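This report describes a chain and the contacts between chains. Please examine the sequence and the structure before reading on.

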Amino acid sequence: MKAAIRHMMRNRRRTILTLLAVLIPIYFLIVMFGFINAMVTDMFESSTRFDTGHMQIRAVETRATGSAQPLMGNPADALAALDSMDDIEWSTVRLDMPALASVGDHTRTVFVRGVVPEEIDPVSNMADRIVEGEFLTSQSTGVIVGEELAKLLGLSLGDEMVLLGAHPEAGLGAIHVPVLGIFNAPEATIGRTFVYTSLGTARQLARSATAATAIVIRIDGVRGPQDAARMERAADELRAALPGGYEVQGWLELLPVMDGYMKILTPMLAIMAIVFFGLGALVVVNTLYLSVMERTREIGLIIALGASRLRVMGMVLAEAGMITVAGVVYGVIVGVGIVLIVQAFGGIPLWGQMAAYMREVGVPPVLRMSITAPQVLLSAGAMAVVAMLAAWLPARRASKLEPMEAMRYVE
Amino acid sequence: MKRSIGVLAVVTMVGLLASGPLFAQESADTALDAQAILDRVNAAWQGDSFHGIMRLEITLAGATKAHALEVWTLGEELALVRVLEPEVDLNSGYLQLGDDLWYYSPVVGSIKLPAMAIGDALFGAGPSLADVSRGTLSDDYDVTVEEIDSSTNEESEARWFLTLVPHLDAPVVFGQLEILVTADFVMEMLIYYDQRGEVLQTAVFSDVIELGERKFATTIVIEDSFGDRTVQRIESPLFDVELDASFFAIETFESWGESE
Amino acid sequence: MSNNTLIQTVDLEKTYVTETIETPALRGVSTELHTGEFTAVAGPSGSGKSTLLHLLGGLDRPTSGEIYLEGQAMSGLSKDQLARLRLTNLGFVFQAYNLIPVLTVLENTAFVLELQGIVRSERIRRARRILDELGIGQYADQYPNRISGGQQQRVAVARAVVSDPSIVLADEPTANLDTATSLDLIDLMRRLNEEKGATFFFATHDSRLLDRVNRLITLVDGAVAHDEIR
């Protein structure tokens, strides 16, 4: 051990290089985890917040209904099942249906969303997006429309339009509705298509006093995709409690785009980790080999004096081990340190296009970071293993030296 | 907005302009080819105009609703459907003028519908406006026929078995149609297949009446692969009635509203 | 083999083989070394003396023949077993590069004891004692590169004897030293041999050393030419 330490001190540059080879991949991976965690959590928040919730209860689809969601005639029994569960943070009933919106000779296909306005704050920032007029209340008999739709139909605040319900499973409801508010949508398609109204009004359109298409649910304690297990447990519990004819859809099912992102994240991280770890390992192998070669005569002497092969290997591995431990410790300190600093500052502010885009989708324009203990342990542990494996080859080589040849070795 | 199949292609009312003479209905033994048989079948609904009452019982997802419609057609371009039942929908309905389509409700007035709504089921199931106003068994198909020995089948009077395969470029959703036709050139059964050869729905015709030289079924029961069912009965059918084109207007709906 | 036979060789042969050339280094060497001897094997360059010493030390394997160390045949032993044998039974002094550069004189001396698993306090005690006995105790905390060549060799001797080996094998121990230093070293080893009964076996062509041994084996072309007790 002593000899190993002194060797390292004698070749400071090489020791530092090896240290860096261990430290950098760890710190890099921790930082990447940090960004990705926060990014995924933000994406999760913004997408579940826009309308999905953590999960939804829906009617099982028994026939093709095109773009319309299957109708629940009366979700009272589903709501009763929901009441029996403990870990529901929040839920609301919603009725979505395709419809025709008509003003004079202009008719457009729209998507009517009937909500309980007082309840939807956790999943919608529509109230904040009103640019003219006001948001809905449960007593409202009117609608709010996007700026784009208002323009297409020539609507102003207070104008009336006709809505004709077009759900294949619902009756044909036709109603006059005043425009109570106009909102600015995060994307033009939303602004052209979505018409928000109270649940009661939507039910008039569906000619059913009790119809719904979804019960949107948020689960206690879920902060992001890392709580997937918790969500899954809640979903299973709910499925067991629900009567037949209903299904529970999780957020990934409801947001296949996110599912796609999530699915590429892990392989992407894995590839980055492999590249960095690989490079780190190469440096470790290289520097250790150099170290062994430099000490060929010394190693020859040690073997001649009677050290076993295992002992010789142990010596080399001990040196590698010390550097690895140091590298791991510093790597973790630097990596976690950066994450904590960024967290303390509330994130790295973004600018330009990126910031504008993020504001559009309702996410604050900062690059945030967050890390979990298992991720830190994984980064540190994996690199430690890689470094020690990389040390194996030079150690083995040292142990196989022939003492007399080694002692005669001239650099 | 669509039921993908709301179609009752051959059924009910019609509107081919009488492009050919009404055939006298004969039980002919002369060797008729497939196209000729089909033409004779179609002929039962040919007429310049039509007026009648249609009663629908639509069973969708286990729930049954009843509708009653009063239907007028003039040629292939003009059609007006007035809803009589249920009472809540009284005097609402559809108006077709060529490719333009409107829905009218006494509550909200008229709403212009997009052109493709013409193919959508009027009530979520059952016939679409296109079915109501236009016959669709036409030039889009190649027809072949087989004679059936009806003496072997006591339940059926079918004499011919027609197979209709749409032309490759025909704007038709079916893969194939099969029709059982009686010796009187009346359809007994019509089976619709999708592009994969699966049965989409089956229409069974009964209660055949004679109107002048026409013979056609007034009751049609359609069942589809989801288990939904529509029973359609035609009451008081009248062909070649005197109708004015001006009748086919929103004002007609409005006038009913006022008079009640 | 008599009771005090430490090493016995029987028809020892060693041939070095390169790609195309075979070089016989030892041919049929049969001899015995006994406890308390102060023996040298001498001969002209290429006569095989270093080869013989390496074989006796288990640092190389013979092409044929047998070596018995304290009655144990060495031919069947694995590398690790040979290493163990070296550790417990032998002491080595090499011509050069005897010491581990990153260890102090004291630590170098105690190194073999450490390999043997002796506790720290004990090995420090023993190392200090032998260094003092050999008159180099004051260099205990120095690194090898801070002391002279002669002092380094003394340390090598100290390390070789500190574990009380059965025999010390020394390969040209005086080759790199000047006369005065060489004589000092030789006298040191003699003293150890006379006072402590340490057995020494040298491979050397240094006449100053050859004059002081009490047995001389002469090799010529890999075979024993003379074996003389003085």
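## Chain C and the contacts between chains

Chain C contains seven helices and ten strands. The model is a predicted one. Of the 230 residues in chain C, 46% count as buried. Among the contacts in chain C with a separation of 6 or more, 69% join residues that are 24 or more positions apart.

The contact between chain A and chain C involves 17 residues of chain A and 19 residues of chain C. On the side of chain A that touches chain C, two or more residues are given by each of helix 1 (2-10), helix 10 (296-304) and helix 14 (403-407) of chain A. Helix 10 of chain A provides the largest share of this side, namely five residues.

A second contact takes 15 residues from chain B and 18 residues from chain A. On the side of chain B that touches chain A, strand 5 (100-105) and strand 6 (109-113) of chain B each supply at least two residues. The largest share of this side, three residues, belongs to strand 6 of chain B.

The table sets out the kinds of residue on each of these two sides.

| Side | Nonpolar | Polar | Charged |
|---|---|---|---|
| Side of chain A that touches chain C | nine residues | three residues | five residues |
| Side of chain B that touches chain A | nine residues | three residues | three residues |

On the side of chain A that touches chain C, nine residues are nonpolar and five are charged. On the side of chain B that touches chain A, nine are nonpolar and three are charged.

Technical notes:
Residues are numbered from 1 along each chain as its sequence is written. Chains are lettered from A and ligands numbered from 1 in the order in which they are written. This is a predicted model: local features need pLDDT of at least 70, side-chain atom pairs count only at pLDDT 80 or more; totals for chains, interfaces and linings use all residues. Two residues are in contact if their C-beta atoms, placed from the backbone, lie within 7 Å. Helices (H or I, at least four residues) and strands (E, at least two) are DSSP runs, numbered from the N terminus. Ala, Val, Leu, Ile, Met, Phe, Trp, Tyr, Cys and Pro count as nonpolar, Asp, Glu, Lys and Arg as charged, and the others, Gly among them, as polar. A residue is buried if 20 or more other C-beta atoms lie within 10 Å of its own, exposed if 12 or fewer, and partly exposed in between; C-beta atoms are placed from the backbone.
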